[in-house]
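Here are a few exercises to work through with the model open in your viewer. Try each task before you read its solution.

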Amino acid sequence: MDGALIGARRLVAAAALGSAAGVALVVLFTIVPPPWDALVNTSALWGLVPFAVAARSPHGRGVAVGVASMLALVLVWILLSPNVIPAREVLVFVLVGLGAGAVCGAAGAAVGRDRRVSGTVVVAGIVLGEAVYGTVVVGGPHWFVEAALAGILVPACCRTAATRVRAGLGAAAVAGALFGAYWAYDAVLTT
């Protein structure tokens, strides 16, 4: 079978998975009570979708399937969201979705290609960084659940104690570095 056709099929499958995740998130958002509903509407946890999809992708396709799945998720969220999303937020969601899909897709591909530490550092760091930001700036117990999910990613993705330690320390460093990025993201959405 032609490689381009196989690649196109993988992109369609990634978009379908992202769309299904988007529908599931919209449904969950309508039934999960506050403040726990924030976990359904958190960009870092959305990044787990392209990460997981790309972890099973063939060599060289992680970024593409990551972007396809994340953009599909974001577009479904925008179209089906129970809240009206202003045009500025739609633009931010799409632009961040492009970047996050690429980054999380590349991280997933790294985990799938035995570069487990680097891929885990990126995604666990993104999730942990958002959890720390939420705890410090926003407040609420739900951010501790997100931090725990970041902690679960490390042993789930890394096989040995040494790689788990390296990935955990790296994720903590990424989380700290991203604190300002989360602040800037929220500032764009709330001003």
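**Exercise 1. A residue in a short helix**

Task: Decide whether Ala-44 is buried or exposed, and find which residues it touches beyond its sequence neighbours.

Solution. Keep in mind that this is a predicted model. Start with the accessibility: Ala-44 comes out at 5%, and since the cut-off for buried is under 20%, it counts as buried. Next, place it: Ala-44 sits in helix H2. Now look for contacts, skipping residues up to four places away in sequence: Ala-44 touches Ile-126, Val-127, Glu-130, Glu-146 and Tyr-182. Finally, take one of those partners and check the backbone: Ala-44 and Glu-146 are 102 residues apart along the chain, yet their C-alpha atoms are separated by 9.1 Å.

For contrast, try Gly-112, which is found in helix H5. Gly-112 and Glu-146 are 34 residues apart along the chain, and their C-alpha atoms are separated by 23 Å. With a relative accessible area of 33%, Gly-112 is partly exposed.

**Exercise 2. Rings that meet**

Task: Classify the ring pair formed by Trp-46 and Phe-93, and work out where its two members come from.

Solution. The structure holds five aromatic pairs. For this one, get the geometry: the ring centres of Trp-46 and Phe-93 are 6.4 Å apart and the planes meet at 85 degrees. Planes over 60 degrees apart count as edge-to-face, so that's the class this pair falls in. Then locate the partners: Trp-46 is in helix H2 and Phe-93 in helix H5, 47 residues apart, so the pair links distant parts of the chain. Check burial too: Trp-46 is buried at 6% relative accessibility, and Phe-93 is buried at 12%. Last, widen the view: ring pairs join Phe-29, Trp-46, Trp-77 and Phe-93 into a cluster.

**Exercise 3. Two helices, end to end**

Task: Test whether H5 has the span expected for its 26 residues, then do likewise for H6 with its 23 residues.

Solution. Take H5 to begin with. At 1.5 Å a residue, its 26 residues should span 38 Å; the end C-alpha atoms are 36 Å apart, which agrees. For H6, the expected value is 33 Å, and the helix reaches 31 Å from its first C-alpha to its last, which is close.

Now step just past each helix. After H5, Asp-114 takes a positive phi of about 65 degrees. After H6 comes Gly-139, with a positive phi near 90 degrees. Keep the usual backdrop in mind: most residues other than glycine have a negative phi.

To finish, see what H5 hides. Its buried residues include Val-92, Phe-93, Gly-97, Gly-101, Cys-104 and Gly-105. Among the elements covering the buried residues of H5 are helix H3, H4, H6, H7 and H8.

**Exercise 4. The largest pocket**

Task: Find how much space lies in the largest pocket and which helix gives the most to its lining.

Solution. The volume is about 950 Å³. Of the 37 residues that line this pocket, Asn-41, Ser-43, Glu-130, Tyr-185 and Leu-189 are the closest to its centre. Next, sort the lining by helix: H2, H4, H5, H6 and H8 each supply at least two residues, and H5 gives the most, with eight. Then sort by chemistry: the lining divides into 23 nonpolar, 10 polar and four charged residues.

**Exercise 5. Both ends of H7**

Task: Compare the surroundings of His-142 and Cys-157, and find the cis peptide bond that involves a contact of His-142.

Solution. Helix H7 runs over residues 142-157, with Cys-157 in it; His-142 is in H7 as well. His-142 is buried, with a relative accessible area of 3%, and Cys-157 counts as buried at 9%. Leaving out residues up to four places away in sequence, His-142 touches Pro-35, Trp-36, Ala-38 and Leu-39, while Cys-157 touches Phe-51, Val-111, Arg-116 and Thr-120. For a backbone distance, take Cys-157 and Ala-124: 33 residues apart in sequence, 9.8 Å apart C-alpha to C-alpha.

Now follow Pro-35, which lies in the loop between helix H1 and H2. The peptide bond from Pro-34 to Pro-35 has omega near 0 degrees and is cis. Most peptide bonds are trans.

Technical notes:
Residues are numbered from 1 along each chain as its sequence is written. This is a predicted model: local features need pLDDT of at least 70, side-chain atom pairs count only at pLDDT 80 or more; totals for chains, interfaces and linings use all residues. Side-chain values use heavy atoms; hydrogens and water are left out. Helices (H or I, at least four residues) and strands (E, at least two) are DSSP runs, numbered from the N terminus. Buried means under 20% relative accessible area, exposed over 50%, partly exposed in between (1.4 Å probe, protein chains only). Contact means heavy atoms within 4.5 Å. On a 1 Å grid over the protein atoms alone, a cavity is a set of points where a 1.4 Å probe fits but cannot get out, and a pocket is an open set with protein on both sides within 12 Å along at least five of seven lines; lining residues have an atom within 4 Å of a point. Grid points are joined across faces, edges and corners, and a volume is the space filled by probe spheres set on the points. Ala, Val, Leu, Ile, Met, Phe, Trp, Tyr, Cys and Pro count as nonpolar, Asp, Glu, Lys and Arg as charged, and the others, Gly among them, as polar. Rings of Phe, Tyr and Trp (its six-membered ring) pair if their centres lie within 6.5 Å; planes under 30 degrees apart count as stacked, over 60 as edge-to-face and the rest as tilted. The expected span of a helix is 1.5 Å times one less than its number of residues.
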